[in-house]
Amino acid sequence: MSGKGEFEPRIIGFLCNWCSYAGADLAGVSRIQYPPNIRIIRVMCSGRIDPAFILEAFKDGADGVLVAGCHLPSDCHYISGNFKALRRITLLKEVLKDFGIEPERLRLEWVSASEGDRFASIVRDMVKQIKRLGPSPLKSKEKNA
Amino acid sequence: MAKDKLKVAFYWAASCGGCEIAVLDINEKILDVIQIADIVFWPVAMDIKYKDVEAMPDKYVDVCFFNGGIRNPEQEHLAKILRQKSKILVAYGACAHLGGVPGLANMANKKEVFEKAYFSTFSTINAEKITPQPSVHVKEGELDIPEFYDSVRTLDQVVDVDYYVPGCPPAVERTLFAVEAIAKGELPPKGSVLAPLKSVCDECPRKKENKKITKIYRTYEKVPEPERCLLEQGIICMGPATRGGCGARCLNADMPCTGCGGPCPNSPEQGAAMISALASILGLEEEKEKYSEEDVEKLMSQIKDPIGTFYMYALAASILRRKVIK
């Protein structure tokens with residue numbers, strides 16, 4: 001997103017096929033307004049998200065990454081994928097902090113297929129938060145280099 | 001110098017010198033190597049100047065074993081020269097392959113490294129705040145040393161590399177495999193890592209049963225059972241995320257794998273692979289109803305120094321390559 005004026009964050013959203021993608025779809029068909037800063041990638045399960053996908057997204061210029069899956073403890077279509085995602089993202093946030101990237105840029109949320117308005121409000125909130133944080137530090141480094 | 005002998009060169013860049021010793025670890029087989037090869041450049045063992053290398057015709061050297069990462073212009077220059085002079089350039093050892101332990105300096109920059117090394121360690125007295133300068137004037141004239149870069153780079157981030165021999169230092173069988181493959185002319189496709197495709201676990205003799213742990217132990221906190229998988233005993237072992245070919249030699253000595261073999265071919269980001277693997281066995285899934293998100297945070301905070309654990313050798317070769325310092 002180029003051009004003058006306010007910083008518009010670029011957010012990558014990894015949404016699980018069974019709950020969160022359906023939730024985002026519901027937000028869409030219900031015509032709930034939310035900022036267009038998010039690019040959604042559908043995955044089969046939040047437990048399918050390799051930490052490398054998230055690191056790659058940040059390397060390629062994402063200002064934030066949203067991972068969304070089925071509610072804890074037992075909504076997951078594959079029984080425990082959401083729980084795996086929770087543990088991976090928790091650990092990855094520690095690692096991101098050490099890499100000099102604010103852990104708030106990575107967000108894990110649970111969104112069910114009926115929660116279109118919840119999805120929209122998460123995206124609104126996240127865009128606001130990332131705007132406050134400013135562009136990804138990885139991007140400003142590139143500019144300086 | 002017989003005409004049909006292979007011309008071999010060795011060079012060291014940002015490394016500890018262990019890889020030079022690893023070359024000699026092939027013991028009496030070195031005599032076989034001498035039968036088929038002439039060493040034309042090896043600073044650790046021979047008195048040859050850089051200008052002699054620069055004077056060699058292009059592609060004069062048949063094989064160059066290059067160990068060490070790149071962290072100053074001297075190393076970068078030699079990497080470029082040796083690339084030009086060599087038919088086959090082999091990144092030998094974890095530092096040339098992945099940045100190695102020196103690559104962990106990518107968690108800091110030049111300023112922070114100098115601050116630590118020349119001012120703030122307990123054993124340092126440096127009242128005049130002297131640090132190495134790229135050039136200094138003495139009464140005989142100007143003296144130059146190479147400038148210190150902010151980041152360590154792997155060899156393939158600087159020049160084109162033909163093959164990689166992993167390990168810190170490479171296991172004897174990896175060195176022999178490389179030498180034999182070169183001698184017979186039976187090399188795999190360019191860009192190959194000269195090691196098996198499977199992970200260290202595949203070579204590890206320990207019994208693997210059910211991987212579910214709730215507590216992490218550091219190596220000094222526990223005497224491990226001799227025959228059981230170390231990860232199952234709560235000791236972080238990089239085996240699942242690390243390419244084998246070493247015979248699991250650390251595991252045979254009751255020490256966990258630290259990851260010197262680099263990533264497995266189907267999971268090229270070693271740190272991420274281990275984050276993924278470790279997070280999936282840490283915690284009791286059967287009782288996940290009982291766990292709150294805070295409990296999970298507590299569980300994960302047992303891992304001290306995640307970067308040093310997951311990226312001990314591969315930080316410079318990882319997706320992010322270094323810490324962002326504003």
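Me: What makes a stretch count as a helix or a strand here, and how many of each has chain A?

Reply: Helices (H or I, at least four residues) and strands (E, at least two) are DSSP runs, numbered from the N terminus, and by that rule chain A has five helices and four strands. Their order from the N terminus is β-α-β-α-β-α-β-α-α. This is a predicted model, in which local features need pLDDT of at least 70 and side-chain atom pairs count only at pLDDT 80 or more, whereas totals for chains, interfaces and linings use all residues. Residues are numbered from 1 along each chain as its sequence is written, and chains are lettered from A and ligands numbered from 1 in the order in which they are written.

Me: Why does the radius of gyration of chain A agree with a compact globule?

Reply: The radius is taken over C-alpha atoms, and the globule rule is 2.2 Å times the number of residues to the power 0.38. For 145 residues a compact globule would come near 15 Å, and chain A has 15 Å, so the two agree. The C-alpha trace of chain A spans about 45 × 35 × 20 Å along its principal axes.

Me: What makes a residue buried, and what percentage of chain A counts as such?

Reply: A residue is buried if 20 or more other C-beta atoms, placed from the backbone, lie within 10 Å of its own; of the 145 residues of chain A, 51% meet this.

Me: Which residues make up the contact of chains A and B?

Reply: Two residues are in contact if their C-beta atoms, placed from the backbone, lie within 7 Å, and the contact takes 25 residues from chain A and 24 residues from chain B. On the side of chain B that touches chain A, α10(B) gives the most, with five residues.

Me: How do you know which strands of the sheet in chain B are at its edges?

Reply: Two strands pair if DSSP finds at least two bridges between them. Five strands form an open sheet in the order β2-β1-β3-β4-β7 (chain B), with parallel pairing; β2 (37-41) and β7 (163-165) of chain B each pair on one side only, and are the edge strands.

Me: What makes β1 and β3 of chain B a pair?

Reply: Five bridges join β1 (residues 6-12) of chain B to β3 (residues 61-67) of chain B, and the two run parallel, which satisfies the requirement of at least two bridges. Val8(B) has Val63(B) as its bridge partner in β3(B).

Methods
A residue is buried if 20 or more other C-beta atoms lie within 10 Å of its own, exposed if 12 or fewer, and partly exposed in between; C-beta atoms are placed from the backbone.
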